[in-house]
Each structure stands twice: as C-alpha cells, then as structure tokens.
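Let us walk through this structure together, one region at a time. Please keep the sequence and the 3D view at hand as we go.

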Amino acid sequence: MLRKIGFGLGYLLFLGVSVLLLLEISYRGYWFDFYRGNLTGLNPSGILTDPSRESILVVGDSFTADPRGYVEHLRQTFPDQRVINAGVPGTCTRQHQLLFPRRLREFEPRLVIYQLFVGNDLLNWRPPADSPHISTIRRVYWWLSDRLWVLGYLNAKLPQLRQAIYQDLPIDLDPKLERAYAPQLYSERSKMQFRAEAGLVDDSVCLRGRRRQDMENMTKKIRSMLATVPDSCPILVLVMPHCMQLGAPHLERMRAIGASIADPAILTALDYPFLSYLQEELATDQIRILSPLAKLKAAQQAQPVYYENDPHLNPFGQQVVGQMLVPYCSPQTPF
C-alpha cells in the first residue's frame, strides 16, 4: 500500500513539474497570446480589427492599463487615430519583451509608446528573494518566479493564489478609494516591498548598489526589444516617476510605511540617474525619452496627482501625462 501511495505521489509530482515546464516553455516562446484578454478588455470593440486608421501602440504596466488613464486621453484627442492600449498590470520589461513582437506585427504602428515605472520595475526585474524581512513563502515564490517566469503570469491570473501571496486588502479597503492618507490604509503591496527592501525606490532612482547592475541588464533587453521596431516608426519611452520623487508630502508618507531615503535632493531632482541612464543608453534619432516629473510637480501645486494611499497616478495625474504626450503624438508634429 505504501509503495502504491509513494508511486502515486511521485507520478503526480512528475506530472506537475512536466506541466509547469511545458507552460514555461510555451510562455517564454509566447506560443499563445497569453495577454490577449488584457488587450481586448482595454480597447473598444472593433478597434483591434480596424486597419483603416493609423495606429499608436502603447505598451506598459498598470499605469498604462488604467482605463481612465493617459491612453484614453490620447484616444479622445486623436479620434482619427487607432490608439492601442497594450498595457498589462504587474509586468515589466521581462514580460513586455515576450508580447511586444506580436503586438508590433498585429498593429504596424506609426508610433510606439513604451512606458516604464521607476518605482518597482527593477524589483520586478530582480525581486529581493534573499530579504530576511519577508515571509519564507514570499522568498520562495520570488526565487522561483525569477527562474520560472510563468509563475508570475499564473499568480496574476489566479485570484486565490494572488490573495494568498500578496494578502491584498478587501475591496472595501481599496487603497485607490478617495480617502485621506493614513499609513494603515496605504497599499499593502508598497508596504511589503519596503519591508523587503527599504531603499528600493531610492536605490532605483539613484541607481545605487545592485540596482545599477539590474538597470544595465534591463536596459539591454529594452534596447533589444525596441530594435525590432521599423526605422520609420518613432518611439517614445515614457518614464513614470514614483510619487516620492515629487517631494513633500510623499517623502514623509513613504518613510512612515518603511521607505529608506539616503539623499532627498537626488531623489527629487528632475534629472535623476535612472532617467539619465536611459537618455545615455537608449536615446537616438528614433527614440526619445520623456519624463512627466516636472509637469506632475507643477500640477501638484493645484491638486494631488497621485492617490492618497496608493503610488499610482489618480485620474488628474493621468490627464497631466496625457496632455504632455499630445504634442509628440500628433501626425503633423515632426519627431
């Protein structure tokens, strides 16, 4: 009996590992359009199959995938253009390099906008799985997902697994609800990231320590990905800042939830190392690097541009970014 049980468990383990490896191979090869659901959900019916208008292809993470975000502002500004929202929440260059070639072939854009986020792109590129300040389950998950990329995809697609790992707040405590700032209400994911690496944003913005090597590796992949765009198609690399980069009151709020800040002057500068590195390594006659930081700082004087309890842009902040992009997206404007 014990031998049969052992054989059965061994068979199930073999089957599970085999299925996981097959999923990993198919995911890295992008045999299927794994993110098609995101694409259809973010774009109006019929726009994906209408080749009669020129296309603007926008690829990015949750800042781009916001239905009320800057992509929608561009749609309203350029109704004669087909603005394709190919944003996927919770992703970075690692996932974008897989889906990008398919989107490029499908829509043959006249303009590409590629969005990055200073706040956690480098964490998503290399999660701090060796941090002693997070649970063993999370360390194991981060270690495995850094090697088996499909685990991140499955985590995003399986709500129960996501809840078990991230311990997200109930929907009635959504940090994007219009509520006054309070540390206990702030995004649990942000708190967890600062527990894992208190200097995450500071080191990413300033390219300190191991995060500089991460930036070098990620930028190489970005360069390789964007090299597949035809020479006739201009590219805008949109670098979304973290709310801490706007200065007060966000610096104090992030400190309150665990962030470590070595030099606020560098962190809040308009020309910061993360941005400068992209300018040096990526900018060409075809590729332009854009930062909305100055516009967001100016707009914040009138009203908040980020959510009070979440590091994402609120609808007003998204509108500011959209307005900044308009001159670069007009067909009549030379690049």
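A good place to begin is Leu-23, which counts as partly exposed because its relative accessibility is 30%. This leucine sits in helix α1, residues 2-28. Together with Leu-12, Leu-15 and Val-19, Leu-23 forms a nonpolar patch on the surface, and the accessible area of the four adds up to about 320 Å². Keep in mind that this is a predicted model.

Just past that helix, have a look at Tyr-30, found in the loop between α1 and α2 (36-42). Its phi is positive, about 50 degrees, although Tyr-30 is not a glycine. Most residues other than glycine have a negative phi, and most peptide bonds are trans. Tyr-30 is buried, because its relative accessible area is 6%. Glu-108 also has a positive phi, near 40 degrees, in a residue other than glycine. Glu-108 belongs to the loop between α4 (93-107) and β3, and it counts as exposed because its relative accessibility is 65%.

From there, let us move into the strands. Strand β3 (residues 111-117) pairs with β4 in the parallel sense over six bridges, and Val-112 has Ile-235 as its bridge partner in β4. On β4 there is also a parallel pairing with strand β5 (residues 287-290), over four bridges; here Ile-235 stands opposite Ile-287.

How many residues of strand β4 (residues 235-240) are buried? Six of its six residues are, so the strand is mostly covered, buried meaning under 20% relative accessible area. In a regular strand the side chains alternate between the two faces of the sheet. In β4 both faces are covered, with Ile-235, Val-237 and Val-239 buried on one side and Leu-236, Leu-238 and Met-240 buried on the other.

Now for the packing of the interior. The largest nonpolar core has 85 residues, and Ile-113, Phe-274 and Leu-325 are those with the most contacts inside it. Beyond its neighbours within four places in sequence, Ile-113 is in contact with residues including Val-58, Leu-74, Leu-236, Leu-238 and Leu-325. Another core, of 10 residues, lies apart from that one; among its members are Tyr-141, Leu-151, Met-192 and Ala-196.

Two prolines round off the tour. Pro-249 lies in the loop between β4 and α12 (250-256), and the peptide bond leading to it from Ala-248 is cis, with omega near 0 degrees. Pro-327 has its place in helix α16 (residues 315-329) and counts as partly exposed because its relative accessibility is 43%. Its C-alpha atom is separated by 17 Å from that of Gly-317, 10 residues apart along the chain.

Notes:
Residues are numbered from 1 along each chain as its sequence is written. This is a predicted model: local features need pLDDT of at least 70, side-chain atom pairs count only at pLDDT 80 or more; totals for chains, interfaces and linings use all residues. Side-chain values use heavy atoms; hydrogens and water are left out. Buried means under 20% relative accessible area, exposed over 50%, partly exposed in between (1.4 Å probe, protein chains only). Two strands pair if DSSP finds at least two bridges between them. Patches are made of residues with over 30% relative accessible area and no salt bridge: like charges are joined within 9 Å, nonpolar side chains (Val, Leu, Ile, Met, Phe, Trp, Tyr) within 5 Å. Accessible areas come from the Shrake-Rupley method with a 1.4 Å probe; for residues, only the protein chains shown count as cover. A salt bridge is a side-chain nitrogen of Lys or Arg within 4 Å of a carboxyl oxygen of Asp or Glu. A nonpolar core is a set of buried Ala, Val, Leu, Ile, Met, Phe, Trp, Tyr and Cys residues joined through side-chain atoms within 4.5 Å. Contact means heavy atoms within 4.5 Å.
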